[in-house]
Amino acid sequence: MATAHSRAAARLMISPAVLLLLGWMIVPLSMTVYFSFLSYNLLMPGMEEFIGFTNYEFFLTDPAFFAALANTLLLVGGVLVITIVGGTLLALLLDQPFWGQGIVRILVIAPFFVMPTVSALVWKNMFMNPVNGLFAYFAKALGLQPFDFLAHAPLASIIVIVAWQWLPFATLILLTALQSLDQEQLEASEMDGANFLNRFVYIVLPHMSRAITVVILIQTIFLLSVFAEILVTTNGGPGTSSTNITYLVYAQSLLQFDVGGGSAGGIVAVILANIVAVFLMRMIGKNLEA
Amino acid sequence: MGKISLKQVTKAFGDAEVIPPLDLDINEGEFVVFVGPSGCGKSTLLRLIAGLEDVSSGTIEIDGQNATEVPPAKRGLAMVFQSYALYPHMSVRKNIAFPLKMAKMDPAEQERRVTAAAKVLNLTDYLDRRPGQLSGGQRQRVAIGRAIVREPAAFLFDEPLSNLDAALRVNMRLEISELHQSLATTMIYVTHDQVEAMTMADKIVVLRAGRIEQVGTPLELYRTPANQFVAGFIGSPKMNFITGEEAARFGAHTIGIRPEHCVLSTTDGTWKGKVGVAEHLGSDTFLYVTVPGMDPLTVRVQGEAGVHHGDTVFISPVAENLHRFEANGLAIRQATA
Ligand SMILES: Nc1ncnc2c1ncn2[C@@H]1O[C@H](COP(=O)(O)OP(=O)(O)O)[C@@H](O)[C@H]1O
Ligand SMILES: [Mg+2]
């Protein structure tokens with residue numbers, strides 16, 4: 001019963017929450033904007049002065065910025081591809097009836113409960129380490145030269161680590177979508193002569209498109225700000241080969257104590273994230289309608 | 001095309017035997033209705049024929065070929081599901097064309113068949129809509145359209161009308177019968193509604209707990225039910241059953257008399273009772289009469305009955321329409337003594 005009166009009352013009642021959230025967002029954002037126009041280095045306290053867009057100029061013309069931008073997109077894209085393809089395959093597998101289904105499902109979800117720092121350290125020291133790592137052990141067992149993943153393929157290694165963390169999330173969402181598919185539709189398509197691949201392409205995949213959209217949206221938000229995994233494994237290196245925007249902002253503001261530059265980088269990151277969000281919404285938002 | 005034989009077919013889900021050994025022949029061009037109460041195995045039997053379930057034992061022959069191991073798509077049968085099972089993200093056109101696309105048919109031929117089917121089913125104006133934008137009756141027709149474009153050897157319908165409202169159901173019933181007349185293809189139709197069975201079928205198969213109780217034309221089942229179950233299931237309102245002394249007078253364990261074969265009188269007759277509820281339908285009146293020592297009798301009187309709640313009336317069965325049953329439910333066939 002959305003009468004004019006009840007709608008006005010509803011607005012009145014949610015306004016405190018809206019105002020609180022707005023303040024929560026506006027205050028730090030405007031402070032960051034303010035800092036980004038200052039020359040503000042923690043090593044030289046009391047010397048702050050207004051310098052216009054110089055911080056932005058500095059940040060945007062830094063070659064590290066373009067490297068970081070490319071790395072961010074590669075990281076987000078790579079993880080999305082791995083988790084969605086892998087998640088779909090795993091979901092198809094887990095949807096089959098088999099013995100011990102419940103236990104296996106819990107095991108599959110387990111990586112999601114491991115903290116990013118912990119999982120990145122486990123990957124770094126127990127799997128990818130060129131001396132003690134499991135992969136090195138296998139390589140040596142096969143008579144091959146161990147590969148130093150984090151030194152020679154740092155970004156790819158980080159993509160694998162992050163994808164491993166997000167795979168369970170994607171699997172879980174896609175599995176629930178799969179289970180909500182009407183069995184009679186599958187049977188109908190089977191009678192219509194569709195083989196397994198046809199059923200997947202024409203029936204299952206369209207049914208899952210909304211869930212895939214949700215996975216892409218949620219993961220993109222989190223993947224744009226991957227940080228801990230980089231900090232504990234490669235520190236953004238070698239050079240800037242595994243630095244993303246988030247890490248670059250950290251390196252600017254905290255490693256160089258440049259609050260102004262870091263703030264400018266932060267604002268740039270916010271703008272980039274919004275551009276990505278607009279693109280995503282345009283591209284797949286229509287999937288969420290109806 | 002379209003002759004189906006089941007030979008000693010059984011189906012068990014785990015320990016539960018849903019279909020005990022069953023034999024059935026369905027002739028070319030026949031409209032066969034499987035009817036029975038809910039849960040008696042009608043859908044299971046249909047799914048066995050379709051190939052969506054594997055038989056536990058026995059063989060299924062289609063057009064003289066053993067089809068027991070043939071996958072559903074290769075049996076040349078088309079099925080219309082109770083939930084319609086339309087593909088929600090495809091337009092009506094794509095839904096109907098889907099089986100043709102899967103058969104890699106030439107697109108021009110696909111288009112021709114879809115257009116023809118849409119014309120028959122009054123769907124021409126809706127071809128570009130999604131199933132979600134259609135009414136129940138239209139969805140039903142899309143499902144039928146998807147079945148007919150394949151030109152199958154036989155159609156299988158699983159309670160196709162049970163999701164429609166009463167008026168639409170009568171309409172669709174006529175349309176499906178019409179379709180059968182024009183296509184002359186074998187149709188197997190599952191329903192729990194004996195009215196649908198009586199009105200549509202060439203041949204009715206009455207099932208109970210997976211067992212065939214009787215096979216026959218609608219009128220055969222109506223006139224000469226093989227047992228008490230069929231007698232009670234076919235016909236509306238239900239046949240009245242009388243046991244005990246009254247039945248013994250007719251030399252049977254149970255006698256059955258249909259409401260329309262009871263003669264009502266206010267002066268004399270076989271059984272004396274009191275009128276309970278009277279339902280006036282205009283063309284008919286159904287009276288529920290309580291007779292001491294018997295279950296309430298339903299009596300059908302043409303037009304207005306002229307009796308009211310609480311009146312004393314007499315009811316006599318029409319002797320030649322009286323059904324007699326043994327204690328095990330089987331009908332006694334020889335003439336009344
Ligand atoms: N996949 C299944 N697994 C176990 N039992 C089933 C399955 N399908 C049907 N049954 C059982 O078989 C019986 C007949 O079911 P069904 O053929 O759907 O009946 P109807 O269509 O006549 O209502 C029911 O008792 C039902 O519980
Ligand atoms: Mg059923």
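Here are legends for a few close-up views of this predicted model.

**View 1. The residues around ligand 1 come from chain B.**
Start with the run B:Ser38, B:Gly39, B:Cys40, B:Gly41, B:Lys42, B:Ser43 and B:Thr44, then add B:Phe13 and B:Val18, and you have the shell around the ligand. Helix 1 of chain B (residues 42-50) gives the largest share of that shell, with 3 residues. Sorted by class, the shell has 5 polar, 3 nonpolar and 1 charged residues.

**View 2. Oxygen atoms of ligand 1 pair up with polar atoms of B:Gly39, B:Cys40 and B:Thr44.**
Look at B:Thr44 to begin with: one of its polar side-chain atoms sits 2.5 Å from a ligand oxygen. With B:Gly39 it's the backbone that takes part, through an N or O atom 2.6 Å from an oxygen of ligand 1. B:Cys40 also uses a polar backbone atom, here at 3.2 Å from a ligand oxygen. On its own, ligand 1 has 560 Å² of accessible area, and the protein covers 55% of that.

**View 3. One cavity has residues of both chains in its lining.**
The count comes to 1 cavity of 30 Å³ or more, and the largest cavity has a volume of about 40 Å³. Chain A brings A:Ala188, A:Met191 and A:Asp192 to the lining, while chain B brings B:Ala78, B:Met79, B:Phe81, B:Arg146 and B:Ala147. Helix 9 (183-191) of chain A, plus strand 6 (77-80) and helix 4 (136-148) of chain B, are the elements giving two or more residues each.

**View 4. What classes of residue line that largest cavity?**
Its lining has 6 nonpolar and 2 charged residues, with no polar ones.

Key: Residues numbered from 1 in each chain as written. Chains lettered and ligands numbered in written order. Predicted model: local features only at pLDDT ≥ 70, side-chain atom pairs only at ≥ 80, totals over all residues. Heavy atoms only, no water. Near = heavy atom within 4 Å. Polar contact = N/O pair within 3.5 Å; in protein donor to acceptor, adjacent residues only side chain to side chain. Areas by Shrake-Rupley, 256 points an atom, 1.4 Å probe, with all protein chains shown as cover. Helix = DSSP H or I, 4+ residues; strand = E, 2+ residues; numbered from the N terminus. Nonpolar A, V, L, I, M, F, W, Y, C, P; charged D, E, K, R; others polar. 1 Å grid on protein atoms, 1.4 Å probe; cavity = no way out; pocket = protein on both sides within 12 Å on 5 of 7 lines; lining within 4 Å. Points joined across faces, edges and corners; volume = space filled by probe spheres on them.
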